[in-house]
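Look at the model below and follow the walk through its parts. We begin with a pair of packed helices, then turn to a pocket and to confidence.

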Amino acid sequence: MSKIYAAKFTDGTHWIGYSWPECEKLVSGKPGVKYKSFALMEDAESWISGKKIVKKGLRIYVDGSFMPISERAGWSWVAVENGVEIAYDFGTTPHPAASRNIDGELYAAWKAMEYLAKIQRKGTICYDYQGVESWATGEWNTGSSVSQIYVNRISEIKIWADFEKVTGHSGDEWNDRADDLAKGVLIGKYVKTQAGEIIVPPQKKTANPVNEKEAKPAKKKTVKKKVVKPVKKKVVKPAKKKKVVKPVKKIVKPMKKKVVKPVKKKIVKPVKKKVVKPVKKKVAKKIKKAKKR
């Protein structure tokens, strides 16, 4: 069965169809638009109008759950007639869940059919896992052990059941109720005793509890409290402060540079050369004397 898609737009208009690509084009990039998928057209129309549709007849919603905290799967069924819950049951699978939540889904469907056979009434099994119907009708081959066990269990009692697919986690009131029970038994939210009694751990105390006997408050025993003397804490004196050694500043006086006076260069007076007068030769005198003669 193909899914039905519905969308609500901010201008008050809406759309319903069978094509997801078409729906995606209409809602993509539009802020404020709301859209969902449904298994039945009446559910889609109910969501669009905002009016709750009360489905007539006996309908049993089944669900399974698995969490790593337990090796077994949780299961539950909720029987609803003309919109009113009339019975429910839940628990865990007797053996470790080889196929995880599928074990819980199939176990819940089997238990729901047992309930219909017990009260000898025809009802509709509302499921969100396709194998519940497809293995029951023979549409799917039973290749796994969990499917073979399921088919053998329901072989004589499935005549009391019709099947209807619902979309899980879509806001369906009774599917969400079954989902809560199947998960709750795994986390200890709901407990079932060996006598078959279902105990719901209290969440909050109500002012006027329904169907509960008024119990007188039990007398409280007064227990003397031991007076524990406070232990004196040792006062640890702070250690003496270390002497602060001030660093000695060495004042290094700059050395005066010796002023070296320039040495006066001695001025050497040039020595006057003695002019040597040429000596008149005696020979010349003799020549002159000779001429006179």
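In this predicted model, helix 3 and helix 5 meet through a defined set of residues. Helix 3 supplies Asp103, Leu106, Tyr107, Ala109, Trp110 and Met113. Helix 5 answers with Val146, Ser147, Tyr150, Arg153 and Ile154. By class, that contact holds 8 nonpolar residues, 1 polar and 2 charged.

How are the two helices set against each other? Two packed helices are described by the angle between their axes and the distance between the axes. Helix 3 spans residues 101-119, and helix 5 spans residues 145-154. Their packing angle is about 0 degrees, and the axes lie 10 Å apart. Angles under 35 degrees count as roughly parallel, so helix 3 and helix 5 are roughly parallel to each other.

Now the empty space. The largest pocket encloses about 500 Å³. It is lined by 24 residues, and the closest to its centre are Asp43, Ser46, Ile53, Asp172 and Glu173. Four elements give two or more residues to this lining: strand 3 (34-38), helix 2 (41-49), strand 4 (58-65) and helix 6 (173-187). Helix 2 gives the most, with 3 residues. The lining of the largest pocket is mixed by class, with 10 nonpolar, 6 polar and 8 charged residues.

Finally, confidence. The chain has a mean pLDDT of 80, and 66% of its residues reach 70 or more. Residues 204-218 have pLDDT below 50. Beyond near neighbours in sequence, the stretch 204-218 makes 0 contacts in the model. Where pLDDT is low, the predicted coordinates should not be read in detail.

Conventions. Residues numbered from 1 in each chain as written. Predicted model: local features only at pLDDT ≥ 70, side-chain atom pairs only at ≥ 80, totals over all residues. Heavy atoms only, no water. 1 Å grid on protein atoms, 1.4 Å probe; cavity = no way out; pocket = protein on both sides within 12 Å on 5 of 7 lines; lining within 4 Å. Points joined across faces, edges and corners; volume = space filled by probe spheres on them. Nonpolar A, V, L, I, M, F, W, Y, C, P; charged D, E, K, R; others polar. Axes fitted to C-alpha atoms, helices over the stretch in contact; angles between N-to-C directions. Parallel < 35°, antiparallel > 145°, perpendicular 65-115°, else oblique. Contact = heavy atoms within 4.5 Å. pLDDT = per-residue confidence, 0-100.
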